[in-house]
Amino acid sequence: MKGFLLGVYLLWAMLQLCSMQIASPATVLNCCEGDILILLDSSGSVANHEFLRLLLFATELFRPFSLGRGHVRVGLLQVGTNPHLEFGLDVHSHQEGLQKALQSISQLQGDTNTEAALRVAQRVLTETDEKVPKILLWLTDGVQPGDVDEPMSGMKARGVSVLAVSTVHGNYQVLQRAVTPPLRSHLYSVDIESIDIITEDLRDAIIEIIRAERLRVVHLTSHSAVLQWRPVLSTDSGFYELWYNSVRKTDNGIRRILPGDSTVVQLTDLQPDTTYTAALRPESNQREFNTLSVTFTTLPDVLSPAVVSVSDSGPRQIRVSWGPLQGARVQRYTLEYGAIPSGDVRTLILPGQQNSTVLTGLQPDTQYLVTVSALHVNGKERAMSVRACTQEASLPALTDLQLTQSGRQEIRVAWQAQEGLQGYWLSWEAGSSYGLNPSVSSAYLPPTSLSTRLTHLAPHGRVCVSPVYSSGRGDRLCCTATSHTDWPS
């Protein structure tokens with residue numbers, strides 16, 4: 001009853017706020033253009049009153065914005081056992097519709113399957129022709145969100161800014177890796193009862209991202225940076241002039257001319273752990289535009305191989321992969337591998353543009369030590385080792401299996417003898433006199449058996465025989481009966 005009254009109170013608060021005439025500043029109403037997808041934790045770990053408070057918070061957060069194409073588009077995706085897109089980016093072009101939609105959302109409950117929801121989020125935000133800034137706003141309690149690092153990094157690499165609001169239960173390290181810098185304005189950990197105190201700060205952070213005429217860094221590595229800006233030109237109306245340089249240098253740096261329909265550019269061959277400044281000036285005969293600028297610092301250097309993994313293991317082969325791929329910086333890779341503890345060591349020399357290879361001619365059920373070494377163009381070397389195991393060799397199946405009708409309700413099963421067997425494992429689909437699905441029966445036969453007879457086989461039933469070796473059961477050889485007896489009803 002207490003929870004019900006709290007829900008009624010929060011719903012009443014929403015309705016009261018909707019009925020109030022709040023004057024939105026003109027700087028907010030028409031300031032921005034961008035797409036915002038709310039990723040709302042709707043799982044069972046979120047208490048019902050917390051869920052309602054998060055909805056009320058979202059209601060107030062987006063109330064001042066002008067909605068629709070050319071302004072701000074808002075969508076909402078719920079996180080549960082299965083993700084649910086409550087409404088897409090193009091659904092609401094007026095505040096009244098958005099407010100009503102937020103008030104009518106029901107909690108999904110279930111598991112916190114954030115990874116599946118992020119796959120949907122990436123499709124919603126990136127599979128569009130809209131060349132505008134994009135934001136993923138994650139509202140969560142932060143409890144066991146799953147392995148979100150890779151999908152979050154993928155979206156950030158494609159220009160999506162990630163902001164997060166978590167209750168005090170959240171895993172701060174996971175959230176810290178997920179959000180786009182700066183953390184001070186893009187990550188909030190707050191008690192659910194006091195969440196209103198961050199509304200203005202978070203709204204300002206959103207405005208800073210989607211405000212017109214802004215050059216920003218959306219992805220950084222040790223040797224590259226991706227810059228993005230709001231489009232102000234078209235292919236026919238002008239071009240962009242870009243300069244960038246390290247703050248340590250005094251010359252004009254590098255100059256590039258970009259087409260008028262550009263909204264993103266990647267800067268490459270940068271130095272690690274170095275501060276750069278970049279300036280972008282739109283050039284047009286129609287009007288004069290301000291020059292946009294940004295300062296950023298590349299990440300510390302990471303030398304390949306930083307990770308080595310093994311996959312596609314078989315009895316006589318394994319695939320070895322390594323990364324990150326740094327083709328322009330690595331002269332060659334050397335792979336050394338040998339059986340543990342004292343097998344012969346083999347060596348492969350591979351080009352710097354390659355980041356995987358298949359090792360063949362290996363022994364089944366054997367452990368190998370694999371070492372990947374990189375010789376970088378600057379003379380530095382780096383090596384990393386991993387242990388890998390081949391699979392056991394598969395046990396062969398029989399070479400022949402025959403089914404023959406030997407009676408009205410009888411099938412003879414026969415096969416050729418093989419040496420060194422411990423017996424045979426026979427399985428078949430037995431029929432039913434009541435029209436039910438066939439059941440599977442099985443039996444063990446001694447090594448001297450080369451045939452047997454089956455009765456009441458299912459219509460078109462399958463019969464399989466597996467050889468039994470001392471080390472295990474071999475692969476099955478199966479046949480399907482082509483004739484059958486009509487069973488009495």
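# Working through the fold: exercises

Among contacts in the protein between residues at least 6 apart in sequence, 66% join residues at least 24 apart. Keep in mind that this is a predicted model. The protein has 489 residues, of which 45% count as buried, and its secondary structure comes to nine helices and 28 strands.

## Exercise 1: two helix pairs

Work out how α3 is oriented against α4, and which residues make the contact.

*Solution.* Start with the geometry. Helix α3 (residues 48–62) packs on helix α4 (residues 95–103) at an angle of about 170°, and their axes are 10 Å apart. Angles over 145 degrees count as roughly antiparallel, so α3 is roughly antiparallel to α4.

Next, the residues. From α3 come Leu-55, Ala-58, Thr-59 and Phe-62, and these meet Gln-95, Leu-98, Gln-99 and Leu-102 of α4. Sort them by class and you get five nonpolar, three polar and no charged residues.

Now do likewise for α5 and α6: parallel or antiparallel?

*Solution.* Helix α5 (residues 114–126) and helix α6 (residues 149–157) meet at an angle of about 10°, with 9 Å between their axes. The cut-off for roughly parallel is under 35 degrees, so α5 runs roughly parallel to α6. On the α5 side the contact uses Leu-118, Ala-121 and Gln-122, while α6 supplies Pro-151, Met-152, Gly-154 and Met-155. The class count here is five nonpolar, two polar and no charged residues.

## Exercise 2: an aromatic pair and a serine

Classify the ring pair of Tyr-276 and Phe-296, then place it in the chain.

*Solution.* A search of the whole structure turns up five aromatic pairs. In the pair of Tyr-276 and Phe-296, the ring centres are 5.8 Å apart and the planes differ by 15°. Planes under 30 degrees apart count as stacked, so this pair is stacked. As for location, Tyr-276 sits in strand β12 (residues 275–283) and Phe-296 in strand β13 (residues 292–297), so the pair links parts of the chain 20 residues apart. Both Tyr-276 and Phe-296 are buried.

Follow-up: which residues does Ser-246 contact, leaving aside its neighbours within four places in sequence?

*Solution.* Find Ser-246 in strand β9 (residues 239–246). Its relative accessible area is 8%, so Ser-246 is buried. Beyond those neighbours, Ser-246 is in contact with Thr-274, Thr-275 and Tyr-276. That last name takes you back to the stacked pair, where Tyr-276 is partnered by Phe-296.

## Exercise 3: a lysine in a strand

Is Lys-134 buried or exposed, and what does Lys-134 touch?

*Solution.* Lys-134 is placed in strand β4 (residues 134–140). The relative accessibility of Lys-134 is 9%; buried means under 20%, so Lys-134 counts as buried. Now list the neighbours. Not counting residues up to four places away in sequence, Lys-134 touches Asp-35, Leu-125, Thr-128, Gly-159, Val-160, Ser-161 and Arg-216. Take Val-160 from that list: 26 residues along the chain from Lys-134, yet the two C-alpha atoms are separated by 5.0 Å.

## Exercise 4: strands and their partners

Trace the partners of β26.

*Solution.* Strand β26 (residues 462–469) is mostly covered, with seven of its eight residues buried. Take its pairings in turn:

- Strand β23 (residues 423–430) pairs antiparallel with β26 over six bridges, and Trp-428 has Val-463 as its bridge partner.
- Strand β28 (residues 477–480) pairs antiparallel with β26 over four bridges, with Val-465 opposite Leu-477.
- Strand β27 (residues 472–473) is joined antiparallel to β26 by two bridges; Val-468 is partnered by Arg-473, and β26 and β27 form a hairpin with two residues between them.

Then say which strands stand at the edges of the open sheet β21-β22-β25, and what that leaves them without.

*Solution.* The three strands come in the order β21-β22-β25, with antiparallel pairing. β21 (401–407) and β25 (451–455) are at the edges, each with a single partner strand, so one side of each has no neighbour in the sheet. From one strand to the next, the twist averages 25°. β22 (residues 410–415) is joined to β25 by five bridges, and Ile-411 stands opposite Leu-454 in β25.

Definitions and conventions
Residues are numbered from 1 along each chain as its sequence is written. This is a predicted model: local features need pLDDT of at least 70, side-chain atom pairs count only at pLDDT 80 or more; totals for chains, interfaces and linings use all residues. Side-chain values use heavy atoms; hydrogens and water are left out. Rings of Phe, Tyr and Trp (its six-membered ring) pair if their centres lie within 6.5 Å; planes under 30 degrees apart count as stacked, over 60 as edge-to-face and the rest as tilted. Buried means under 20% relative accessible area, exposed over 50%, partly exposed in between (1.4 Å probe, protein chains only). Two strands pair if DSSP finds at least two bridges between them. Axes are lines fitted to C-alpha atoms, for helices over the stretch in contact, and angles run from 0 to 180 degrees between N-to-C directions. Angles under 35 degrees count as roughly parallel, over 145 as roughly antiparallel, 65 to 115 as roughly perpendicular and the rest as oblique. Contact means heavy atoms within 4.5 Å. Ala, Val, Leu, Ile, Met, Phe, Trp, Tyr, Cys and Pro count as nonpolar, Asp, Glu, Lys and Arg as charged, and the others, Gly among them, as polar.
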